Structures are given as C-alpha cells and as structure tokens.
Amino acid sequence: MSRKTVVVGGGITGLSAAYYLQKAGVDTELVEKTERLGGKVRTFHKDGFTIERGPDSFLARKTSMLELAEEIGMGEEVVKNSTGNAYILAKGRLNRMPQGSHMGIPTRKRPLLKSTLFSGRGKMRALLEPGKRVKEMTGDEALGLFLRRRLGNEVVENAVEPLLSGIYAGDIDRLSMDATFPQFREITEEYGSLVKGLKDTGTAPPVRKKKNWEKPSAFRSFAGGLSGFIDALQGALKPGSVQLSKGVDHIEKKEHGYHILMSDGEVKRADDIILAVPAPAAAKMLAHYDWTKPLKQMKATSVANVAMAFDKSAIKQDIDGTGFVVSRTTDDYRITACTWTHKKWAHAAPEGKALLRCYIGKPGDEEVVDKTDEEIRDIVMKDLKKIMDITDQPDFFVVTRWHNAMPQYSVGHKERLNQVTNHMKKDLPGIQLAGAHYYGIGLPDCIDQGKEAAGRIIESE
C-alpha cells in the first residue's frame with residue numbers, strides 16, 4: 001500500500017503544503033471543516049470595489065508567495081501598493097511617522113527631532129540609545145520591555161506599539177521577543193545599538209533626499225484580490241483531492257500509521273499528517289496526550305474590521321497618505337487603525353470613490369467585536385468624524401469579525417512549542433504542526449511552513 005498524507009486545514013498553509021506534496025508525487029488529501037478554502041484570506045466584490053475582509057497584502061521581501069504565484073500562473077496578476085505618508089494618531093492629532101523609521105523605531109536624528117510625536121524629553125531619551133549598555137540576555141523576554149529599555153517609554157507607546165500591535169493585535173509587553181523580532185536582539189548585541197544595527201544592516205529605510213524620490217513599495221497583492229490566489233492554488237491541486245465540510249474529531253495512532261476520525265463518522269487512514277490548524281484545534285485532535293497542554297493554553301485575540309465605501313466628496317479632510325494607526329495612550333478613540341484603501345491599492349475602488357477600512361478590537365476592548373454591524377459602523381464613524389471630518393454615511397459598509405483569530409506569541413512561545421514538537425516526534429512520528437499559530441503569522445510565513453512540512457515528508461519517502 002502506498003504512503004498516504006492527509007493535510008488538515010484548508011487555509012493558505014494547508015493549501016501550500018498539499019500543493020508541494022502533490023507536486024512531488026506524494027498521495028495527498030486535504031480536508032477542511034468549513035465550506036470554503038483560504039482561512040482568513042477572503043475577498044469581497046461589490047459595485048466595482050475590491051474589499052479584503054482579512055489580510056490585504058503580503059510582504060514582497062519574503063519571496064515564497066511571489067515564487068508560488070509564478071508557479072501557479074498568478075505572476076502577471078501581482079500588483080504593488082501605492083506608497084505615501086503613514087500617520088500615527090497621538091496627542092489628539094495625526095502625526096507623520098518620522099522618515100527612516102523601521103517598525104516605528106526612529107533611526108535618523110533629524111526626522112526624530114522634527115517629529116510632533118514626541119516631547120523633547122522623549123526625543124533625547126531615544127537619541128541616547130546608541131550609548132546605552134547592552135544587557136546580556138540568556139532567555140526570552142517581552143518585546144515591549146526590550147524596546148522600552150532601549151528607546152524609552154514615549155517612543156514605544158507613541159510609535160512602535162501602535163504599529164506592532166497592528167500586526168499582532170496584542171500587547172507588546174507580553175509578546176515574545178524570540179518569536180516575533182529576534183533580529184532586534186541579535187543586531188543590538190552585534191552592533192552595540194539597535195538603531196545603529198538597523199542602519200548599518202540596511203534594515204531601516206532611507207530618508208528621502210530629493211523631492212521626486214519615491215518610497216519603494218513593500219507590499220504586494222493581486223489585481224482581483226487575494227482570493228484569486230487561493231482559487232488558483234486550489235485549481236493547481238489534483239481533482240477530488242480536496243474535501244470541504246470535513247472536520248476532524250480525533251487522531252489515533254495505529255501499528256502502521258494513523259486513523260483520522262472525521263466528524264461525520266468516516267475514518268481516514270494516513271501515514272503522515274500535517275495539522276495546519278490553530279493550536280487549540282490541534283490539541284483537541286490529540287487530546288489524549290498530556291504534552292498538548294501548551295497548545296490548549298495558547299491565547300488568541302478577537303478583532304473586527306469594517307470596510308466603508310464613500311464618494312470622494314465625502315472626505316472633507318483629505319490626507320496625503322495611505323492610513324494611520326492609533327496610539328493606545330489615546331483614550332478618546334476605539335478604532336485601532338484605518339487604511340485609506342483606495343490610495344493604497346489602485347484596484348480597490350472605482351474612479352471618484354473612496355474605500356476606508358477601519359479596525360477595532362484590542363486587549364481590554366475585545367467585546368466591541370460582538371456588537372451589531374450598525375453599532376460597529378457608528379463607533380467607527382464617530383471616530384472618523386473627529387479625525388477626518390467625515391460626516392456622510394457610507395454608501396455601504398461590510399463588517400468582518402475574526403473571533404479568537406490572532407494568535408498571541410507570549411513570552412516563552414518558542415520554548416513551549418519546541419517541547420510540544422519534541423514530544424510529537426517521539427510519540428507521533430509523521431504528524432507535524434504548521435500555520436499562523438506556530439512560526440509566523442504573515443502569508444509568506446504560512447506558505448514557508450506548509451512548504452517546509454511538505455519537504456520533511458518528501459525527504460522521508
């Protein structure tokens with residue numbers, strides 16, 4: 001009997017794993033418990049608008065998604081984002097992010113001194129970073145604590161935290177350094193300074209020197225939206241190898257391989273299994289093993305976004321930029337960020353129209369996600385009226401909720417995950433974990449995990 005692999009989970013990780021396995025000739029089946037593929041990737045089209053209900057782009061410097069797009073015939077559909085100023089809402093106003101900043105970390109003296117984000121004391125504290133002693137670290141620590149030690153509270157709270165919390169939807173004073181930005185510690189130790197290391201390694205963006213200088217576009221999407229990539233990836237799989245509405249209840253180890261007990265009573269046989277599902281779901285499928293406890297305890301936050309279509313005439317206070325994030329020292333607002341999508345993506349809105357996408361839900365305010373669509377719209381419009389003087393109601397709006405969807409890599413994440421995977425290798429050889437809950441949340445990170453998991457199976461054939 002030939003070896004059989006089952007991929008559990010039809011998000012971008014599971015789809016990528018199945019693609020690379022089938023490409024190598026491995027007998028592979030993918031099962032997904034919902035009625036659709038793509039996980040958080042979900043594009044909505046209406047009246048000429050292209051609205052992403054989940055992620056809206058991927059980083060170009062992480063090349064795995066671009067490479068896979070070429071393989072499945074989507075290369076010509078790739079589009080670059082339009083660039084412009086990024087803003088932070090703090091101190092009751094929109095402040096431009098200082099030029100040369102990386103993840104909110106100011107790396108250039110003149111833009112830092114000119115910034116309206118920080119007080120004189122906050123600026124001086126940040127300027128002292130290159131001369132600050134490097135603390136030797138022997139274990140993981142909170143990302144926020146490391147950055148506060150290097151740059152001071154004001155720079156972290158008004159610039160760094162809004163950006164990084166926008167990525168992880170969590171509290172950076174609880175997020176693991178090792179699991180999110182280990183390079184910050186590495187270059188600090190090597191160069192004796194985080195700021196100097198970011199500049200010397202070319203990580204920090206250059207400061208604009210000429211009037212016609214154009215900021216490089218860092219993000220990519222597809223002309224018809226990200227769901228087009230999912231459709232093409234599904235189309236690249238063998239007919240009949242994907243089953244939807246097929247949940248997994250339990251996995252049992254047998255003398256030869258595994259039995260997968262499906263929610264509908266079917267039992268599937270597999271020699272290898274890739275669990276491309278959230279950590280709590282994986283723990284439930286392997287509930288009879290005590291060492292899965294860290295997976296059960298992994299936290300995830302709930303967030304929501306609301307996309308709103310307007311006529312451009314409704315935007316009274318137009319701003320030269322692609323969006324803003326909100327400092328959490330600002331208590332007067334409940335939105336956490338807003339993207340001017342029509343400015344960021346040329347394909348997102350028809351001529352003469354504007355598309356804004358605002359985000360809500362953060363630690364301490366997650367209950368807002370469960371309000372009605374109309375309540376969420378009203379909360380967002382109240383904030384936008386104060387920020388951008390938008391008084392017109394949107395032509396239409398689309399609210400998307402993601403419950404317990406943003407995994408939190410808390411301090412010690414990698415160590416706990418290593419303990420789980422070591423037990424898995426011993427007790428359940430042939431089963432692997434992959435996906436956003438484990439080794440990276442970006443779309444290319446998920447593709448990398450799917451490809452790597454597939455590669456380990458291919459090598460064992």
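Here are a few notes on a predicted model, going from its open sheet to some helix contacts and one loop residue.

1. **The sheet.** A good place to start is the open sheet of 5 strands, whose order is β10-β2-β1-β14-β20. The pairing in this sheet is parallel. At the edges sit β10 (242–243) and β20 (431–433), each of which pairs on one side only.

2. **The β10 edge.** If you want to see how β10 is held in the sheet order, look at strand β2 (residues 27–31): the two run parallel and are joined by 2 bridges. On this side of the sheet, V31 stands opposite Q243 in β10.

3. **Helices lying across the strands.** Helix α1 (residues 12–23) lies across β1 (4–8), β2 and β14 (272–275). Its direction is at about 165° to β2. Then there's α16, which lies across β1, β14 and β20 and runs at about 170° to β14.

4. **α2 against α16.** How do these two helices pack? Helix α2 (residues 64–71) meets helix α16 (residues 443–460) at an angle of about 70°, and their axes are 8 Å apart. An angle of 65 to 115 degrees counts as roughly perpendicular, so α2 and α16 are roughly perpendicular to each other. From α2, the contact is made by S64, M65 and L68, while α16 brings L443, P444, I447 and D448. Sorted by class, that contact has 5 nonpolar, 1 polar and 1 charged residues.

5. **α5 against α8.** Another helix pair to look at is α5 (residues 143–151) with α8 (residues 182–191), packed at an angle of about 35° with axes 10 Å apart. The crossing of α5 past α8 is left-handed. On the α5 side you'll find L143, F146, L147 and R150 making the contact, and on the α8 side F184, R185 and T188. By class, the contact has 4 nonpolar, 1 polar and 2 charged residues.

6. **A loop residue, Q317.** Last, have a look at Q317, in the loop between β15 (300–311) and β16 (321–326). Is Q317 buried or exposed? Buried means under 20% relative accessible area and exposed means over 50%, so Q317, at 38% relative accessibility, counts as partly exposed. Setting aside neighbours within four places in sequence, Q317 is in contact with I387, M388 and D389. Take D389 from that list: Q317 and D389 are 72 residues apart in sequence, but from C-alpha to C-alpha they are 6.0 Å apart in space.

Note on methods: Residues are numbered from 1 along each chain as its sequence is written. This is a predicted model: local features need pLDDT of at least 70, side-chain atom pairs count only at pLDDT 80 or more; totals for chains, interfaces and linings use all residues. Side-chain values use heavy atoms; hydrogens and water are left out. Helices (H or I, at least four residues) and strands (E, at least two) are DSSP runs, numbered from the N terminus. Buried means under 20% relative accessible area, exposed over 50%, partly exposed in between (1.4 Å probe, protein chains only). Contact means heavy atoms within 4.5 Å. Axes are lines fitted to C-alpha atoms, for helices over the stretch in contact, and angles run from 0 to 180 degrees between N-to-C directions. Angles under 35 degrees count as roughly parallel, over 145 as roughly antiparallel, 65 to 115 as roughly perpendicular and the rest as oblique. Ala, Val, Leu, Ile, Met, Phe, Trp, Tyr, Cys and Pro count as nonpolar, Asp, Glu, Lys and Arg as charged, and the others, Gly among them, as polar. Two strands pair if DSSP finds at least two bridges between them. A crossing is left-handed if the near helix is turned anticlockwise from the far one by less than a right angle, and right-handed if clockwise.
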